Amino acid sequence: MTDLLSVSDLRKDFGGVRAVDGVSFTVRAGETLGLVGESGCGKSTTARLVTRLLEPTSGTVRFDGHEISRYSERRLRPLRRDLQIVFQDPIASLNPRHTAGTILAAPFKIQGVRPPGGQRAAVADLMARVGLNPEHYNRYPHEFSGGQRQRLGIARALALRPKLVVCDEPVSALDASVQAQVVNLLADLRDEYGLSYLFVAHDMAVVRHLSDRVAVMYLGRIVELADRDTLYAAPRHPYTKALLSAVPVPDPALRERRERVLLRGDPPAPGQAAVGCRFRSRCPRYRDDLDDTQRDRCATEDPQLSDDPSGAVACHFPSP
Amino acid sequence: MPAETTLPGDSLLSVRDLRVQFPTDDGIVRSVDGLSFDVAPGEIVGVVGESGSGKSVTGQAILGLLRRTRARVTGEIRFDGRDLVAAPEAELRRLRGAELAMVFQDPLSALHPYYTVGSQVSEAYRVHNRVSKRAARERATQMLDRVGIPEPHRRYDAYPHEFSGGMRQRVMIAMALVCTPRLLIADEPTTALDVTVQAQILELLKDLRDEFGSAVLLVTHDLGVVAETCDSVVVMYAGQCVEQAGVEDLFARPQAPYTWGLLGSMPRVDQDRRDRLAPIGGQPPSLLAMPPGCAFEPRCGYHEEVPDGRCRTERPALVHSGDGHSVRCHLTTGQRLTLRPVTS
Amino acid sequence: MLRYLLGRIAGALTVVVVVSVVTFAIFQLAPRLTGANMAFYYTGKATSEAQAAAVAQKFGFDKPLPEQYWTFMSGIVAGRDLSDGVTEVECPAPCLGYSFRQNRPVLEMIGEAFPVTLGLTLGAAVLWLLFGVAAGVLSAVRRGSVFDRLATVVSLIGVSVPEFFTGMLLIYLLTSGPAWLRLYPDGINYVPLTEDPVGWFAAMVPPWICLALLFAALYARLTRATMLETMNEDYVRTAWAKGLPPRTVVGRHGLRAVLPPIVTLVGLDVGALLGGVVLIETLFSFPGLGRLAYRAITSQDLPVIMGVTIVGALLIVFANLVVDLLYGVLDPRVRNAR
């Protein structure tokens, strides 16, 4: 498989606060990479950096053969056909004064594309494809329900058949039953159009359901990156372990049987670059399992993401 | 419909045919529409439903917090023998905070930004206990310590904005439990928190229940949270209870098609699901214009199994089906056994 | 807190310097632009050419502007000698200028007028706060009640009726109205507080009412709106859930959150009024800063105008500083944010 998106050592500072601190990953053609983490870990900033809605402080973003991290908006425009984003909050990302038809026709207009059969037909087709009634062409965003608005957002992203869609928490504002509809839709569209997704979310279960590989972020860094089955079956980073064990499972029979790793404290807010491993203040392994020499290493040496083909982990003492 | 669920004698809280209606310009919104359930002393009962199901409104109705709004509350909320719907405000005020306490979803907005957390906790204690300021401070500090605030003596004088989200929710819990109430209503207490912090807070709630013996009404949208935390469950849909059961029973033998739908919608973190989720189609009904029959009928895949189109014309009653399991559905017990989809 | 405090004080000092420069520049420029005789503006008297030259020499009109500004500012600290071309006068420190019309240092005149304005403003502020805030809170708590509707109408009238109208009406009624209302048959005359406290109070009441009426209406509306918003806040719901009695919920939890915006407004309004309640003072013939300024303008007594302007600006800056500091006391979030 070829790399469609390749991100290397990406950094973003917001006035001295380092939100993204040296992130590297690739998304191969046709695959879905899940990017998970808790609030403040930098996952949404990363989504905005790779779509160049934000300018990186340093690092490279290579998309489909172009190094776009320093591209001007004019040079980016032709590439935007192939690189789209879906946001969490559908109501905030849709112009309230435009009808569904206008919103969905905009990508064609901006890119100067004349779809065969005309714009109107293409929009109606798009609406049908994402499960909206094409007769609602003239409705405004507020006349749709939350789930329908997210379908509208997805339809807009898909209008020009992009290669990569960055999904930033696309289902977290939706109720369970509606969330499942949208998750299914995303999966169906991927299969039909051969899309690649960078799927950014905090919900470990949804990410498991949709992703081929998963990257876990903590305080601006990727701490573990592995293929989905490996990561969920045998997480190696203590943070990944804790994160997975914290997700409630809808099966009371497992309540007693599951091994739980309770972390202390809240995820810290991003700040200045620190010395040593940034997870050690909450790390149960550091607290309970390591001797002083080992701890010393955690306190002084910043663990780098290993280059293991089966799964990369940024920990001095990962689980096997 | 008195004999529907557990015996009233066992229960600390017994809600019967509760209705909450909000008059609006477009008509009457029936947020809660004939809800009945029970909470036993020391029990953690999950009230689960999607947005608009009436689960949060139910919690506020129990505490009488809707009295200051335009809502019309009818039915019966029997707490320890007293009917809270009919109780005079002065009596309810004596119960609020002392016997019935509440924790809200967003601890930042639920704490007063201009008072120290300690003073807010001790205020809650002093309303119901004639004690000196110093004794209240002592008690509040003790409580802050108990819910896991580090250095409680020093942090007593800190303001809410100086705490993290998880710590703020601990403060809220300390405030709610400072008078050791017999019922704690926790309205989506972990929804605004990160998952690792959620796990801590749920653990804390369970520990405190064991220690203080308070019953907990845990209002949530997350069946996972219910499965991890609760003893029994009330599943709400469009203002009604569609199913109530013990937690193991509910997850092992769900009986209402809506519950099947909810479970089928959930991706699992602990196992691979088959390729597609099985979501519920369509949208919840408008609370302004409820269907005359079963509220779930328009989205239900099983209404053709019931003869004579009864699902469309006749509202099913909440029926006790053994083992403290109640369900609101026209399907027969036998049909429910054969039709239930295999979820996991 | 200390950092916040120092930061605010430094900011206020900067503004003071800027204000003095701008005021000075305007009063330097104005005569030049109108082509009038500088000596006239500064002495307030017609002058012969020889006198004008003497004045110009004494004031240093031929010197570069920055130097003149420096002389003016150092005069405030050290005092200076001035002349209208006839007599030499000593303007003792702190010298804000000398009015040759009145033959008195400007600061002395301001010092006499300021207590009048201060008494007027503070007294009125107490009144409007008492009535405005109380009416606003009551309106909000009993929203839609008869009281609320009545208060809305009254405050609308209070806001829209000009103060000179209420002032004139009040003077008419109290001095020559129907007998039972004629409480001040000899007119409303200002007496200094130090001479006759009772007389002072009696004289102050009508202008207080007049001034407070307008502001009470504004404050009632502001309080009602903010209070309504606050009572819907989650933390007020928490207060109800604790089982607190209504007066505690409204007073301790609701009203407390309304304080910062009200305090801000009071500070700014009082600061602005202290610079001179022109209309009311003129109407009631009270010798306050406003009337001083008004008279200086009509008689083109430039040193006085300049002095009052600078003092007025200083008072506003000072009020702003006080508001900022109070905000720090009232809102712990502000205190901690640098």
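Helices (H or I, at least four residues) and strands (E, at least two) are DSSP runs, numbered from the N terminus. This is a predicted model: local features need pLDDT of at least 70, side-chain atom pairs count only at pLDDT 80 or more, and totals for chains, interfaces and linings use all residues. Residues are numbered from 1 along each chain as its sequence is written, chains are lettered from A and ligands numbered from 1 in the order in which they are written, and side-chain values use heavy atoms, with hydrogens and water left out.

**Exercise 1. Describe two annotated spans of chain C.**

Step 1. Start from the record. An unreviewed UniProt entry lists "transmembrane region" for several stretches of chain C, among them 150-174 and 304-330. UniProt positions are given in the numbering used here, feature names are shortened, and annotations may be inferred rather than shown by experiment.

Step 2. Take residues 150-174 of chain C. The span is 92% helix and 0% strand. Its end C-alpha atoms lie 26 Å apart.

Step 3. Take residues 304-330 of chain C. Here the chain is 100% helix and 0% strand. The end C-alpha atoms are 38 Å apart.

**Exercise 2. Work out how the chains meet.**

Step 1. Find the pairs in contact (heavy atoms within 4.5 Å). Of the 2 pairs of chains that touch, A and B have the most contacts. Chains A and C do not touch; their nearest C-alpha atoms are 16 Å apart.

Step 2. Size up the A and B pair. Contact joins 41 residues of chain A to 48 residues of chain B. The two chains bury about 3,700 Å², 53% of it on carbon and sulfur atoms. Buried area is the accessible area (1.4 Å probe) that two parts lose on being put together, summed over both.

Step 3. Look for salt bridges (a side-chain nitrogen of Lys or Arg within 4 Å of a carboxyl oxygen of Asp or Glu). Chains A and B have 3 salt bridges between them. One of them pairs Arg260(A) with Glu203(B), at 3.8 Å from N to O.

Step 4. Locate the elements. On the side of chain A that touches chain B, two or more residues each come from α6 (176-193), α7 (204-210), α8 (228-233) and α9 (238-246). The largest share, 8 residues, comes from α6(A).

**Exercise 3. Decide whether helix α11 of chain B is enclosed or open.**

Step 1. Apply the cut-offs: buried means under 20% relative accessible area, exposed over 50%, partly exposed in between (1.4 Å probe, protein chains only).

Step 2. Count. In α11(B) (residues 257-265), 9 of the 9 residues are buried, so the helix is largely enclosed by the rest of the structure. Among them are Trp260(B) and Leu263(B).

Step 3. Name the neighbours. The buried residues of α11(B) pack against α6 of chain A, and against elements of chain B including β9 (232-237) and α13 (333-339).
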